[in-house]
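Colleague: Got a minute to walk me through this model? I'd like to start with the strands.

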Amino acid sequence: MTDGTPSGADRVRADAAARGLEVEVIERPAARSLQEAAALLGIEPGDIVKSLVVKRSDDTYVFALVPGGRKISWPKLRALLGVNKLQLPDASLALAATGYERGTITPLGSTTAWPVVVDEAVVGRRVSMGAGEHGRSLFVDADALIAAFDATVADISEPE
């Protein structure tokens, strides 16, 4: 950006470096589907992790990281967090909560360090996820990411 504000990918890289986490940020063309995105990246759909920012009723948030081909299981996530209401916020609230637009959200470089919950299916994989700006993805070792955020690992998803 020309105003001196770091780009989303720059925020991602800086946060990863501060955490001692190795990430690879790449440019990529837009994809119309999960399968197309996976093919473009040369990986399986399940290796693409969606970073979903979830709003609690007290206006705090949590990042839920779910592999491609799966979606949040709301009953499982509510039980894990001990709450009876969760929702996906609208795009403006997600941007305000993270500093990232939908489709680019990642816990790395988020303007607020919300807790991170990772679906157990992600463990042990090298995954791709949003890199803070459109047209970029990052690759990271999921186990290193989990350790860097002291993330909670649990079964929070179900097939799409």
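Modeller: Sure, terms first: strands (E, at least two residues) and helices (H or I, at least four) are DSSP runs, numbered from the N terminus, and two strands pair if DSSP finds at least two bridges between them. This is a predicted model, where local features need pLDDT of at least 70 and side-chain atom pairs count only at pLDDT 80 or more, while totals for chains, interfaces and linings use all residues. Residues are numbered from 1 along each chain as its sequence is written, and side-chain values use heavy atoms, with hydrogens and water left out.

Colleague: OK, what do S7 and S8 form?

Modeller: A hairpin, with 5 residues between the two strands. Glycine 132 in the turn has a positive phi of about 90 degrees. S7 (residues 126–130) pairs with S8 (residues 136–141) in the antiparallel sense over 5 bridges, and valine 127 stands opposite valine 140.

Colleague: How many of the residues of S7 are buried?

Modeller: 4 of the 5, so S7 is largely enclosed by the rest of the structure. Buried means under 20% relative accessible area and exposed over 50%, with partly exposed in between (1.4 Å probe, protein chains only).

Colleague: Switching topic: what's the strand order in the open sheet of 5 strands?

Modeller: S5-S2-S3-S6-S9, with mixed pairing. S5 (86–87) and S9 (152–154) are at the edges with a single partner strand each, so one side of each has no neighbour in the sheet. Further in, S2 (residues 49–56) and S3 (residues 61–67) are antiparallel over 7 bridges, and serine 51 has leucine 65 as its bridge partner in S3.

Colleague: Arginine 56 is in S2; is it buried or exposed?

Modeller: Arginine 56 is buried, yet has no salt bridge (that would be a side-chain nitrogen of Lys or Arg within 4 Å of a carboxyl oxygen of Asp or Glu). The nearest side chain of opposite charge is aspartate 58, 4.8 Å away; for charges, Lys and Arg count as positive, Asp and Glu as negative, and His and the chain ends are not counted.

Colleague: What is it in contact with, leaving aside neighbours within four places in sequence?

Modeller: Tyr61, Val62, Lys85, Leu86 and Pro115, with contact meaning heavy atoms within 4.5 Å.

Colleague: And which residues of helix H4 are buried?

Modeller: In H4 (residues 91–98), Ala94, Ala97 and Thr98 are. They cover an arc of only 80 degrees around the axis, which puts them on the same side of H4; the arc is that of the directions from the helix axis to the C-beta atoms. Ser92 and Ala96, on the other side, are exposed.

Colleague: What covers the buried residues of H4?

Modeller: The cover includes helix H1 (8–18), S2 and S3.
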